Every structure is written in C-alpha cells, then in structure tokens.
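Grab a pencil and have the model open beside you. Each exercise below gives you a task, then walks through a solution step by step.

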Amino acid sequence: RLSRISFISLRIELRDIKKGNKNMKANENKGVTLMALAVTIIIMLILAGVTISSLTGNSGITTQAKRSKIQNELAAYKEQIDLFIADKKMENEEFDEESLFSGKNTLRYNTQNENETGTIKTICPQMKNDYLKRLEIKKGKAILDTKDVTEIEIARSLGINVNPYEISEDGELISSNGNLLLIDTNGTLELPDTVITIGEGAFANTASDGIVLRKVIIPYTVKEIKQNAFNGNNTIEEVEFQTKSGKGVTKIGDFAFANCTNLKSIVIPDTVTDIGSDAFYNCSNMTNIKLSKKIKQISYEMFHSCRALVELNIPEGVTYIGAGGIANCSALKKLVIPSTLNSISDNVFYGSNSIEEINIKDGSGFVYENGMLINKNRTNIYYLSESAVNIETFIVPQGITTLGANLLRNNKIKKVVIPSSVNYIEVDFFTSNVDEIEIATDNPKYIVSNDAIYSKDKKILYMYFSKGSEVILEDGVTTIGPKAFKNARASIIKLPQSVKELSAYAIYTSYVKKVVIGENINNINRYAFYACDLDLEMKKNNYYIWADGLLYNKDKTKVIECTKNLQQVEIPEGVVEIGDNAFQSRGSIKNIKLASTVSKIGNGTFAGCNGFVEIEIPSKVTVIGTNCFESTNNLKKIVIKKEKESIATKILTELKTSTGKLYNEILKVIQD
C-alpha cells in the first residue's frame, strides 16, 4: 500500500511540474515531493531486500522449494525400491534381499530369470539422469553418492544410505573434504564396507568447519591404513577395529596415527601383522594400547613421545625393537618383554626414565638385574633404572663391551669407572656433569689423559671433558672424533699442529666461539662445525680458506660449510660449486646472493633454510642436487637466469618432491 500511494503522489507531482507551476507553493511542494521520492526509494529497497531474503535465505521460498523437490524425488525412489523388494519376496520366498544389486548399467538378484536384464530404471522408471549416476542399490540397500549437505540430511531421514566418499576402483578411500560429512552428533564416523584401504592422509590434521571427529569405526573389509592416514588429527579419541571371520586390518603404515594427541587408548586386532615406523608418534595422551599378537617388531620410534603411556605389554612373537621405539615415554612404569625378543636397537628407551618394573619372559635374550636391562651375554646395557643412576660414581660391570648413548641421564653422577672389556664408547653415554673418568689400565683401546679420552696410541681424541676455559690437547693427536668437544666449556679451541682430520660433529658445542686450525689439517668433514656459531683462524693451511663465516677449499672455488649464524650471505665471484649441505639448517640467513660463476649446487644445500623467501639461480648453473630446497618452508620465489625447460624444470621438480607442497602454490619462476 505504501509503495502504491507513493507512486500516485509521484505521478501527480510530476504532472504539476510539467504544467509549469512556478509559484512558491509549487516549488515548496516540489521539494516535499522529492523528499517523498527519496523515502520511497529507500523503502522499496528495504522491501526488495526482504523479498530476496525470503526467497533465498536458509528458510526462504527458493530453499524450501529445493528441499521439497529433493524430498519428493528421493522419497519416490525409496518407495519404488521398497515395493520392488516386496514384490520379489511375494513372487519367490527364496528371494534374498542382500543379493539385489542395481545401478545405471546393471540389475541382478538371486531369483532373477536367466534372460532378465535391466537397470535401476527398471525399478525407478522416472528416475532423473542426475540420480541415475549417483543412486545405486547394493545388498538391497539404496546408496546415494553425494556431498550435498541437504541431500545427505534428507536421504538419511528416508533410510537411504549416503556415500560422500571418494573411493577408487580398487577400494582406496582418498583424502577428501567429504570424508567427514557422515559424522554423527557424537562425533562418530562408521566407514562403509566398500573401503579396502584408508588412503594416505585421508583423515590427517584437525577437521575444519566445526566438524569434530572423535571416534572412527573401521570395518573388517579394510586391509590397510596407509601412512599419515590420521596424522595430526588432534580431536580423535577412539579407534574401533572391526573383524569378521579372521578378516580385518593387516597393515598400519608409517605415521598413521602420529600426533593424534587426544587419542586415549587403542586395541590393535590380531589381524594386524605390520605396524610402520612412528605409527603412534606423539600420541601424548594415550594411556593404554593392546598390540596384535601377530606383529614381529616394534618399529622405529613407534611409541616415541607417548608421554601418558603407563604400561606396555610387548606380545609374544616380537623379536626386535627399533631405535627410539619406546623413547620419551616419560610416564611408563611397567614393561613386559616376551620370550621371543632377541634384538634391541640403540636409544630405544631414551627419555623413558620412569620404568620401575621390567618383566622378562623365560627364553628372552635379555635379563634385568641390579636396575640394568642387559643382554644375556652381559655385553650391552640397554636401560638403567633410576636406582642404578642415582649415585655419584657409576661403575660399569666387567664384561660390558659397548656404552651406548643416553644411558647416564642422572646429573648426580660425577665419576664413571670403565673396565677393560669396553671397546666402544658413545660420547652421549656421559652427561655434561661427569668430571672424572677412570679407565682400566689394561683396556686395549682407550686411555684417559689430562681430562680427555684418547685412543691407546693417543692419536685419536674421543672425548674432551674438562670444564676449564682453555683446551689442552696432547701433541701428536691426528684425529678429532665425533662430538669430541660436546661436553667441553672452553670458548676457544687451539688445535695442535699434529691434527690432520676433523670428524663429523667434531666441534659440536655452543660454548666454543673460535677454533684455531693448524697447517696440517687436510680433511674436514662437512658436518665438523654443524650447528656451531664460530670463527675460524687458519694460519698457513694448505688445504682450506675461511672468510666471512664460510669455509672454502684452497683455491676458493667451492663452499664447503657455513660456520656462523649469518643473516646476509654473498658468494664471491670465482666460486663454481656450493657443496652438499653447505647451508643446511642455517635458518638465520635472510638473503643469499650466489656468484654468477656458480655452476653446481649440491645435495641438501639449502635444506632447512627457513629464513629466506627468495633466491636467484645464476645462468651457469647446470646441476642442482636432490633435496636442495627441502623444508625451505618460507621460500616463495626463485629467479632463474636460464632458458625454459632446462634447470627451471629441475628446480620445479625438486620443489614438488622435496617440500611436499604443490610448487605452483609456493613458487613463481621468472626467466630472462
């Protein structure tokens, strides 16, 4: 009404204006009319908005019409399917509803006549083409393929099963946004029995859009859970494995449930024969796990950082525990070792310091005595209980041959006594608090002299443990072993002129700020200064040059290693090669400029360099090694001074494979 009155008023006023009414009153009326026009337009816009909303909103006419259409069509199809099944039961009492399969190209059931053919349109003659592609009957049940939320809701209300999943022809459930659409109000998802394999990353990371997966039910038809299938899904609390007649999951891949930080407990069925490495890595709230009786090993870091796990019963049949398999399980109190176990790798129990009870079944290759888990031959120590290390002096039993890493974790220990039988020592066996080491004089391999462990002939330095500010080494030592200065506290290391070789991680310490290298060093391992931030002083060395934080070969044509946490790096002209891993994990670097003379970039050269976002590849570069840009997560742009289809293609391929991201999302290539 308001709109109609306003239009009449507008029409009258326009007529008066056309008649040329020039008096003041007319002008005043004209002004009033223009105001009325403005108000009318505003009101019309408001009314139009209300009308559009009423048509298109969540409860609008258009939406309701769409819902009604879907409701009517699906209800009609469901009724026709039910009638077809009822008719077949009436025709022949031997008709088996579960034998009914039908789709756009097939119709079959157990009492079907020999010459009878058909499709789902035989059952639903008026079915539209859109549903013809998506609605099937399997085992007598109607199944609709859809990711439309409205269709899902209506179909389920009518008793029609819904399949929003992307399942390959061989039954692999592929990672898709539709994988979470059938979660019920309790956060439970029951997978269909058409799934044979749960694909890589199918449920990885936390669900988005407010959809929370708390429990997943895996049917007996699933044979394999691929790597990373649930990795990082921190809402999932429970996994239920179904089995039937001995069938069920047989393989769980690497990192399959890693970082599922809300997973409380899990029962692995006895159908499982293989569990991959890191399968339950960092399931930090998992308090209990029951393992399959058919697995043969605890894989590499399988339970690493399961910090709430209290008890672990390793089943009979397991013969091997891989490195870090039970590491950082800080709440673990009880461990049961089967009679079949005959091999334990390094660092299996690193960080699992609370184990109080270790039960070993008869027949195992290990014993637990005096707080030590050792092999039956009493040559190796695998775990030391709190009682065994809560002392100031630790005496290694005679007969032990190997002292592995991370065994003496208690800082109370100040002195270690080593017998003649020991022939291998990891530097990481000791804590930094150990300030006295005694080695039997008849030990054939090691000798202690001036707060350092040397080889018997004093040519190899294995460990320097003095806490003094000055490093004093025996003259005549030729080789600095791995991590030799890890427990040192000196800020300057002056190496004797006799030293010829620096092993990997030789100078592995944050305390040292300067190393003085003699003229005879001719073999510096690429990782000799790994993670260090120091200067080198090289006087008259015939093999290496150090300048501006970079170690070069003598003629300065190759960069060997970066020894400082630099922000800006400029490779000088004349350098032709950047060596393998030369800048690995130097995240401090913000900008790097390569010389125009560079033609080769090695393997892993810039791996882990998260600080820079852009790099220019010179035109002479013909070789880029594998994993060159691995984990360069902030790299956004590479400028390639090269013709297309040459090194550009190599870089694109490298980025695609080593970063795990689509290269066209993180990389823009600019060519001359």
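**Exercise 1. Decide whether E537 is buried, partly exposed or exposed, and do likewise for its salt-bridge partner K539.**

Step 1. Get the cut-offs straight: buried means under 20% relative accessible area, exposed means over 50%, and partly exposed is in between (1.4 Å probe, protein chains only).
Step 2. E537 has a relative accessible area of 21%, so E537 is partly exposed.
Step 3. K539 comes out at 54%, so K539 counts as exposed.
Step 4. Now look at the pair: the side chains of E537 and K539 meet in a salt bridge, 3.0 Å from N to O. The term stands for a side-chain nitrogen of Lys or Arg within 4 Å of a carboxyl oxygen of Asp or Glu.
Step 5. Salt bridges can also share partners, and that is how K69, E73 and K128 are joined into one network.

A word on the ground rules: this is a predicted model, where local features need pLDDT of at least 70 and side-chain atom pairs count only at pLDDT 80 or more, while totals for chains, interfaces and linings use all residues. Residues are numbered from 1 along each chain as its sequence is written, and side-chain values use heavy atoms, with hydrogens and water left out.

**Exercise 2. Work out which parts of the chain the salt bridge between D533 and K564 ties together.**

Step 1. Check the distance: the closest N and O atoms of D533 and K564 are 3.7 Å apart.
Step 2. Place the two ends. D533 lies in the loop between β37 (523-524) and β38 (535-538), and K564 in the loop between β41 (558-562) and β42 (568-570), so the pair ties together parts that are 31 residues apart in sequence. Strands here are DSSP runs of E with at least two residues, helices are runs of H or I with at least four, and both are numbered from the N terminus.
Step 3. Add the exposure: D533 is partly exposed at 28%, and K564 is partly exposed at 21%.

**Exercise 3. Do the same for K139 and D193.**

Step 1. Their closest N and O atoms are 4.0 Å apart, and the two form a salt bridge.
Step 2. K139 sits in the loop between β3 and β4, and D193 in the loop between β7 (188-190) and β8 (197-198), so this bridge links parts that are 54 residues apart in sequence.
Step 3. K139 is partly exposed at 40%, and D193 is partly exposed at 41%.
Step 4. For the whole structure, a search finds 31 salt bridges.

**Exercise 4. Test whether the length of helix α3 agrees with the expected span.**

Step 1. The rule is 1.5 Å times one less than the number of residues.
Step 2. Helix α3 (residues 61-91) has 31 residues and should span 45 Å; its end C-alpha atoms are 44 Å apart, which agrees.
Step 3. Look at what is hidden: the buried residues of α3 include I70, E73, L74 and Y77. The buried residues pack against elements including β2 (107-108), α4 (120-123) and α6 (149-157), where contact means heavy atoms within 4.5 Å.

**Exercise 5. Find which strands stand at the edges of the sheet β17-β19-β21.**

Step 1. The 3 strands form an open sheet with parallel pairing; two strands pair if DSSP finds at least two bridges between them.
Step 2. β17 (311-313) and β21 (357-360) each have a single partner strand, so they stand at the edges.
Step 3. Strand β19 (residues 334-337) pairs with β21 over 4 bridges, and I337 stands opposite I360 in β21.
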